[in-house]
Amino acid sequence: MMSIGVLPCQGSSNTGAMTTKVTIEKVDGEKVRTVCALGLPLGIEGIIEKAKSNNAFIALNGCQIKCASRALQTIGVQDFHEVNVTELDIKKNPNQKDELGIESVRMKLEETIRSISR
């Protein structure tokens with residue numbers, strides 16, 4: 001079975017919080033799995049093995065810094081789909097409860113999962 005590992009940004013901003021929320025909504029543990037953002041760059045072997053067991057990856061970045069993409073690259077994953085929330089016309093701010101624009105993030109993640117699943 002095809003599995004897609006989604007790595008949310010999980011950053012300390014509205015855009016980072018949105019990546020986590022929409023990822024949790026889509027994860028089913030089989031076809032769509034979450035990848036631990038912190039465990040990869042820390043080199044935690046079990047987390048890296050679990051991440052690499054996926055067939056495809058989505059780096060769901062909160063902004064142009066692309067922490068999710070960089071975390072995947074630390075374990076040698078170079079082939080992944082990349083989404084940047086701030087490129088969806090959502091302004092980054094420190095209010096993690098601000099969900100203005102979250103529907104765009106949700107739709108972009110769903111669209112990306114569908115494109116991989118074809």
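Here a colleague asks a modeller how the terms used for this predicted model are justified.

Modeller: Before we start, this is a predicted model, where local features need pLDDT of at least 70, side-chain atom pairs count only at pLDDT 80 or more, and totals for chains, interfaces and linings use all residues. Residues are numbered from 1 along each chain as its sequence is written, and side-chain values use heavy atoms, with hydrogens and water left out.

Colleague: Happy with that! Why is α1 (residues 14-26) called a helix, and what span is expected for α1?

Modeller: Helices are DSSP runs of H or I with at least four residues, and strands are runs of E with at least two, numbered from the N terminus. α1 has 13 residues, so it qualifies. The expected span is 1.5 Å times one less than the number of residues, giving 18 Å for α1, and the 19 Å from its first C-alpha to its last is close to that.

Colleague: What makes β1 and β2 a pair?

Modeller: Two strands pair if DSSP finds at least two bridges between them. β1 and β2 have three, in the parallel sense, so they count as a pair. One of the residues involved is Val6, whose bridge partner in β2 is Thr34.

Colleague: And why are β2 and β4 (81-84) said to stand at the edges?

Modeller: The open sheet has four strands in the order β2-β1-β3-β4, paired in parallel. β2 and β4 each have a single partner strand, so one side of each lacks a neighbour in the sheet.
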